[in-house]
Amino acid sequence: MNRQFKILILGGTRNARDLAIALASDKSAPRELDILTSLAGRTSEPDRTFGKTRIGGFGGAAGLAQYLAKEKFDLLVDSTHPFASRISQNALIAAQSAGIERLVLNRPEWQKQPGDNWIDCADLDEAAQQLPVGATAFLALGHQYLDRFSHREDVHFVARMIDPPKTPIPLKNHRLVLAKPSHLAAEEAALFTRFNITRLVCRNSGGKLIYAKIEAARSLKLPVLMIKRPPAVSGKNFGNITDLAAEIIRLSA
Ligand code: NAP
């Protein structure tokens with residue numbers, strides 16, 4: 001009997017979860033697929049309803065390369081968040097060094113639609129600089145990025161987080177919303193209205209799931225400080241799960 005085809009998915013995104021589910025339910029693979037999803041362990045309650053998972057860093061590119069070789073993986077799939085640049089760079093180096101194929105799921109960026117009022121920002125620092133004095137800014141960003149706004153003591157901030165912060169929020173004037181982003185534009189709009197938000201700060205992550213805030217901003221004519229993505233890592237990039245899953249099935253032959 002053929003050996004299983006071992007796949008390590010670098011995850012932490014809904015796409016990674018959906019890919020694992022899609023592969024597990026695909027019976028057309030020539031070899032049985034053995035799928036493991038790796039999570040960084042940033043959220044306290046990761047969703048593990050989709051198959052085998054492991055949690056925690058590998059110790060850089062070298063650690064990941066060692067892990068791939070030791071566990072005899074056949075394929076590495078990078079389905080991490082488009083702004084998680086370090087792990088994607090590590091994946092590129094590690095797959096080369098372990099001598100295995102690497103595929104990347106890179107969801108398309110959001111495109112400006114009629115009615116959108118986006119102010120394009122190269123990075124977080126430019127977004128912080130662009131905030132007008134006295135603005136009330138909604139920061140749709142992780143805790144680790146908030147300190148880039150700490151010098152703006154002349155701005156009120158509303159920060160949304162899924163888990164309670166473990167360290168103090170480095171912003172002078174702020175309110176905290178502990179909640180997952182809603183998938184409904186009406187709910188996001190109600191939240192922005194409740195807090196009198198005058199600017200939305202977010203990154204161009206792409207994807208349908210967290211697009212509701214962009215639709216909400218459009219409906220409220222709210223200016224959005226849209227932070228550009230870092231360049232995609234080189235390699236075989238796929239824009240959707242269907243095409244990527246088909247390539248994985250092909251490789252497993
Ligand atoms: P990062 O800066 O690119 O990576 C930092 C370190 O975290 C990596 O060097 C690696 O540690 C570890 N790591 C990251 N992803 C991992 C994974 N899937 N499995 C095991 N270790 C991982 O990443 P980040 O921006 O902190 O994001 C962390 C995770 O959250 C990613 O998996 C990403 O998909 C997810 N996420 C990120 C964002 C975001 O805005 N950045 C948003 C949603 C979800 P070692 O070097 O020790 O291996």
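**Figure 1. Residues around the ligand in the predicted model.** In this predicted model, 22 residues surround the ligand, and those that come nearest are Gly 11, Ser 38, Arg 42, Phe 58 and Arg 203. Sorted by residue class, the shell around the ligand consists of 12 polar, 6 nonpolar and 4 charged residues.

**Figure 2. Polar contacts of the ligand, and the elements that contribute to its shell.** Two of the contacts shown involve the protein backbone: a polar backbone atom of Gly 60 lies 3.0 Å from an oxygen atom of the ligand, and a polar backbone atom of Ile 87 lies 2.9 Å from an oxygen atom of the ligand. A side chain takes part as well, since an N or O atom in the side chain of Tyr 145 is found 3.2 Å from a nitrogen atom of the ligand. The ligand taken alone would expose 800 Å², and the protein buries 82% of that area. Two or more residues of the shell come from each of strand 2 (33-39) and helix 3 (85-98), and it is helix 3 that gives the most, with 4 residues.

**Figure 3. A salt bridge within helix 1.** Among the 13 salt bridges counted in the model is the one between Arg 14 and Asp 18, whose closest N and O atoms are 3.3 Å apart. Both residues belong to helix 1 (residues 14-24), where they are 4 residues apart, or about one turn of the helix. Arg 14 is partly exposed, with a relative accessible area of 41%, and Asp 18 is likewise partly exposed, with a relative accessible area of 26%.

**Figure 4. A salt bridge between strand 12 and strand 5.** Lys 236 pairs with Glu 101 in a salt bridge in which the closest N and O atoms are 3.3 Å apart. Because Lys 236 lies in strand 12 (residues 236-238) and Glu 101 in strand 5 (residues 101-105), the pair ties together parts that are 135 residues apart in sequence. Lys 236 is partly exposed, at 34% relative accessibility, and Glu 101 is also partly exposed, with a relative accessible area of 32%.

**Figure 5. A salt bridge in helix 7 and the network it belongs to.** Glu 247 forms a salt bridge with Arg 250, with the closest N and O atoms 2.9 Å apart. The two residues lie in helix 7 (residues 241-251), separated by 3 residues, about one turn of the helix. Glu 247 is buried, with a relative accessible area of 12%, whereas Arg 250 is exposed, with a relative accessible area of 52%. Together with Glu 101 and Lys 236, Glu 247 and Arg 250 are linked in a network of salt bridges.

Definitions and conventions
Residues numbered from 1 in each chain as written. Predicted model: local features only at pLDDT ≥ 70, side-chain atom pairs only at ≥ 80, totals over all residues. Heavy atoms only, no water. Near = heavy atom within 4 Å. Polar contact = N/O pair within 3.5 Å; in protein donor to acceptor, adjacent residues only side chain to side chain. Areas by Shrake-Rupley, 256 points an atom, 1.4 Å probe, with all protein chains shown as cover. Nonpolar A, V, L, I, M, F, W, Y, C, P; charged D, E, K, R; others polar. Salt bridge = Lys/Arg side-chain N within 4 Å of Asp/Glu carboxyl O. Buried < 20%, exposed > 50% of the residue type's maximum accessible area, 1.4 Å probe, protein only.
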